[in-house]
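I opened my notebook today to get to know a structure I had not seen before. Here is what I looked up, entry by entry.

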Amino acid sequence: MSALPLAAMAANDAKPAAPAKEMKAEAGKHVVKKHHRKMHRSATVKKAQEALNRHGAKLKADGFMGHRTERAIMSFQKAHKLKVTGRLDSETEKALMK
């Protein structure tokens, strides 16, 4: 794992990512769990950040699932009477895209 300078970590609202939990499947194959976890970067997270911003959040839409994005998701979930997990699950994604 490469070390990021502290300033870069702070700028990205990041900490070094912990390895993703994996479940063993048949014949030694690995399957990553479906939901988005902290310290994850993807196009889906970027779309969610853009949608959260339309709902009043002030996030940098960089596709990075950091602490600010997690808190914004929790706030959105609470306001829309969804299960408050801070995770971008299918119900939350569906509500965000309305």
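**Entry 1: the core**

I started in the middle, and I kept in mind that this model is predicted. The largest nonpolar core holds 13 residues, and I noted the ones with the most contacts inside it: Leu52, Met65, Ile73, Phe76, Leu88 and Leu96. I then looked up which elements give two or more residues to this core, and found α2, α3 and α4. The largest share, four residues, comes from α2. A general remark for my margin: in soluble globular proteins, nonpolar side chains tend to be buried together.

I picked Phe76 for a look at its surroundings. Setting aside residues up to four places away in sequence, I found that Phe76 touches Leu52, His55, Leu82, Thr92, Ala95 and Leu96.

**Entry 2: stepping back**

Next I wanted the overall plan. I counted four helices and four strands in the protein. Read from the N terminus, the elements run α-β-β-β-α-β-α-α.

How many of the residues count as buried? I found 28% of the 98 residues in that group. The accessible surface comes to about 7,200 Å², and 55% of that surface belongs to carbon and sulfur atoms. I also checked the contacts with a separation of 6 or more: residues 24 or more positions apart account for 32% of them.

**Entry 3: helix α2**

I went on to α2, which covers residues 43–54. Its 12 residues should span 16 Å at 1.5 Å a residue, and I found its end C-alpha atoms 17 Å apart, which agrees.

Which residues of α2 are buried? I wrote down Val45, Ala48, Gln49, Ala51 and Leu52. They cover an arc of only 165° around the axis, so they sit on the same side of α2. On the other side of α2, I found Ala43, Lys47 and Arg54 exposed. I also looked for what covers the buried residues of α2, and my list includes β3 (40–41), β4, α3 and α4 (90–96).

Then I looked at the two ends. Ser42 caps the N-terminal end of α2, with a side-chain oxygen 3.4 Å from the backbone nitrogen of Thr44. After α2 comes Gly56, and I noted its positive phi, near 110°.

**Entry 4: helix α3**

I gave α3 the same treatment. It has 13 residues and reaches 18 Å from its first C-alpha to its last, close to the 18 Å expected at 1.5 Å a residue. I listed its buried residues as Thr69, Glu70, Ala72, Ile73, Phe76 and Gln77. Seen down the axis of α3, these buried residues fall within an arc of 160°, so they line one face of the helix. On the other side of α3, Arg71, Lys78 and Ala79 are exposed. I found the buried residues of α3 packing against α2, β4 and α4.

**Entry 5: Thr69**

One residue of α3 made me stop: Thr69. Is Thr69 buried or exposed? Its relative accessible area is 5%, so I put it down as buried; the cut-off for buried is under 20%. Its side chain makes a polar contact with the side chain of Gln49, at 2.9 Å. I had already met Gln49 among the buried residues of α2. Leaving aside neighbours within four places in sequence, I found Thr69 in contact with Gln49, Leu52, Leu59 and Phe64.

**Entry 6: two loop residues**

I closed with the loops on either side of α3. Where is Gly66 placed? I found Gly66 in the loop between β4 (64–65) and α3 (67–79). Its relative accessibility is 2%, so Gly66 counts as buried. I also checked Gly66 against His40: they are 26 residues apart along the chain, and their C-alpha atoms are separated by 7.5 Å.

Lys81 lies in the loop between α3 and α4. At 77% relative accessibility, Lys81 counts as exposed, because the cut-off for exposed is over 50%. Coming just after α3, Lys81 takes a positive phi of about 55°, and I underlined that Lys81 does so although it is not a glycine.

Conventions:
Residues numbered from 1 in each chain as written. Predicted model: local features only at pLDDT ≥ 70, side-chain atom pairs only at ≥ 80, totals over all residues. Heavy atoms only, no water. Buried < 20%, exposed > 50% of the residue type's maximum accessible area, 1.4 Å probe, protein only. Contact = heavy atoms within 4.5 Å. Areas by Shrake-Rupley, 256 points an atom, 1.4 Å probe, with all protein chains shown as cover. Expected span 1.5 Å × (residues − 1). Arc of directions from axis to C-beta. Polar contact = N/O pair within 3.5 Å; in protein donor to acceptor, adjacent residues only side chain to side chain. Core = buried A, V, L, I, M, F, W, Y, C linked by side-chain atoms within 4.5 Å.
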